[in-house]
Amino acid sequence: MFYQMLTAKIFYMTEKILTSEDITEIEKVFQHFPLKSAACIEGLKIIQKNHRWVSDDAVKELAEILEMSPAAIDSVATYYSLIFRRPVGRHVIFVCDSVSCWIMGYDGILNHLKKKLQISYGETTSEDRFTLLSVCCLGTCDRAPAIMINDDLHRDLTTDKLDAILETYK
Amino acid sequence: MYSISDNPEKPLTQHIKHDGARLTLKEYESTGGYQALKKALQMNPAEITRIVLDSGLKGRGGAGFSTGKKWSTIDISENAAPIKYLVANADEMEPGSFKDRFLLEGNPHQLIEGIIIGAYAIQASFSYVFLRWAYHLAGKVLTQSIQEAYEAGYLGKNIAGSGFNLDMSLHISVGRYMCGEETALLNALEGKRANPRAKPPYPSNSGLFGKPTIVNNVETLSNVPHIINNGADWFLKLSKTGEGGTKLYGASGKVRKPGLWELPLGISLRELFEDHAGGMADGYQFRGVLPGGGSTDFLLEEHLDVPMDYASVAKAGSRLGTGTIIVLDDKTCPVGMVHNLERFFAQESCGWCTPCREGLPWTTKILNALETGTGKTEDLNVLEFHTHYMAPGNTFCALAPGAMEPLQSALKYFKTDFEMHINEHKCPWK
């Protein structure tokens, strides 16, 4: 009895990552699939959309909802390059480093970004403004080099244009 | 705009607006949109597959398999599985390819109509569009367009009074090149890691959630309404060399006018490169070209008169792939270019089978050594070994064999460039 009370107390004291809105959104998704576990990727996307990244605790909570093990969820989360298992900044810069952008000199763009923001791939600037990541071919090769910032595509890039573009992301 | 071709017909792109903004349902209907669907729903499903088979339409995602043949592997008899799926593969991630983006953003209803007709032909009751994450605009316009199609009664129950039911859902993926492989794509749709599956069973027997499934590329499906409207003969005559249809060709690299053009299938590489892409940009010389994306073999100047169709490019020792050429110039290091490609493939390997998981990082390390001046003569033998070690049949899926195509052809055509790196202990282009 005492033990039950204690665990109940601990349970309620632990702050949950997922809000009731998150849970409703996730539950809505798995109704479209024949199996709950099929909503795993969608669940991770929802968590990331609402929390910017997916923490260990969020993985555990999603596992409970989808009746999967946290390890099974994490095997999916770590497979997909655009699920972030570490915190990212308010704006994520994706630099295309695939072949057409490479030919057109993407390294000039990358070096400019690294120098200007004082970060390398996988790092975030102070005050959480920018995170720098590489990304495969963005499918806009006739207008290389290209980068994406959040959902926005920027193409035909030159280092001159870059500073003004960065200024629009506060 | 491009008056050079003998046959001016461009069924896929003729109605796409100059600013690339999507055709709304009303606009699409005013161009004759959804007439093919109404016609198809009056026909026998097997008849549709027959027309598509006769049209010669081949998979535009890169593999070039006959679409009609693929569809005919689905059992549509009375004893067939009641649940079947059709999936549009919009996971365009082949390096150097940007053709499906144009169709998705500019004319989404053309794709949706193609999916509905295809689903009717194989008697599927559910369809998915599997879209890569980076195509945000396409995601937005597809969401709007699928909604419009439901409201107009082209999706849902009893489509256009035919008794045929079909639902459609958009899945936005979260990265990984592997998802373009059809069985890996199905695992991703099931919420799993996108590792490829063993074949057989083929997806047409056991695909999504174990049900019969067909996966077709965006450009492939976008052709279907036009084939139904105009017939198989019309489609065959669109092409220059008899393989059927037009093709979205593209060009990137140091060419004068990089871009994308819908042209008769089978135009020559020279016509594409010189007349449409405008030849090399000022100050650059042509050295070679990957004819259909990152996972195809290099072709040289001597191949410029090769017709850009499936059979001819294969005969020249490469693949048509996605039909988007990547041009190598004389001021770009061929070893560096192959290094960039192998690094990409090594990073995107799912790690499921050993040759790919171990072999691709190995080749990448050697190429990096060459680029940084620490390469040795025997390294070339190791690279050569890998092109056989990861040849078709030795790996679980086509990723590693595809990755070996630019490497094996570079070793053949640019051998002296590799040797210069070893002899000079540096990259001569740096």
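Here are four short exercises with worked solutions on a predicted model, covering chains A and B.

**Exercise 1. Work out how chain A is laid out, and whether its overall form is spread out or compact.**

Step 1: start with the inventory. Chain A holds 8 helices and 4 strands, and walking along the sequence you meet them as α-α-α-α-α-β-α-α-β-β-β-α.

Step 2: compare with the globule rule. For 170 residues that rule gives 15 Å, but the radius of gyration of chain A is 20 Å, well over that value, so chain A is more spread out than a compact globule.

Step 3: look at the outline. Along the principal axes, the C-alpha atoms of chain A fill a box of roughly 70 × 35 × 25 Å.

Step 4: split the chain up. Chain A divides into domain 1, residues 13–77, and domain 2, residues 91–167. The C-alpha centres of domain 1 and domain 2 of chain A sit 30 Å apart.

Step 5: check burial and contacts. Of the 170 residues in chain A, 37% count as buried. Take the contacts in chain A between residues at least 6 apart in sequence: 57% of them link residues at least 24 apart.

**Exercise 2. Find which residues of helix α17 of chain B are buried, and say what they pack against.**

Step 1: pick out the buried residues. Helix α17(B) spans residues 415–424, and its buried residues are B:D417, B:F418 and B:H421.

Step 2: ask where they point. They cover an arc of only 105° around the axis, which puts them on the same side of α17(B). The general background is that an α-helix has 3.6 residues a turn, so residues three or four places apart point the same way.

Step 3: flip to the other face. Turned away from the buried side of α17(B) are the exposed residues B:K415, B:T416, B:N423 and B:E424.

Step 4: name the neighbours. The buried residues of α17(B) pack against four helices of chain B: α13 (334–348), α14 (354–371), α15 (377–389) and α16 (399–413).

Step 5: see what comes next. After α17(B) you hit B:H425, which has a positive phi near 55°.

**Exercise 3. Describe the side of chain B that touches chain A.**

Step 1: count the players. Chain B brings 38 residues to the contact and chain A brings 30.

Step 2: find the elements involved. On the chain B side, β5 (246–253), β6 (259–264) and α13 each supply at least two residues. The largest share of that side, 5 residues, comes from α13(B).

Step 3: sort by chemistry. The residues on the chain B side that touches chain A break down into 17 nonpolar, 13 polar and 8 charged.

**Exercise 4. Place strand β5 of chain B among its partners, and decide how covered it is.**

Step 1: check the cover. In β5(B), 8 of its 8 residues are buried, making the strand mostly covered.

Step 2: separate the two faces. B:T246, B:L248, B:G250 and B:S252 point one way from β5(B), while B:K247, B:Y249, B:A251 and B:G253 point the other way, and all are buried.

Step 3: take the antiparallel partner. β5(B) and β6(B) run antiparallel and are joined by 6 bridges. Together β5(B) and β6(B) make a hairpin with 5 residues between them. B:Y249 has B:W261 in β6(B) as its bridge partner.

Step 4: take the parallel partner. β5(B) also pairs with β8(B), residues 324–329, in the parallel sense over 4 bridges. Here B:S252 stands opposite B:I326 of β8(B).

How values were computed:
Residues numbered from 1 in each chain as written. Chains lettered and ligands numbered in written order. Predicted model: local features only at pLDDT ≥ 70, side-chain atom pairs only at ≥ 80, totals over all residues. Rg over C-alpha atoms; globule rule 2.2 N^0.38 Å. Buried ≥ 20, exposed ≤ 12 C-beta atoms within 10 Å, placed from the backbone. Contact = placed C-beta atoms within 7 Å. Domains from an automatic or database assignment. Arc of directions from axis to C-beta. Nonpolar A, V, L, I, M, F, W, Y, C, P; charged D, E, K, R; others polar. Pairing = 2+ DSSP bridges.
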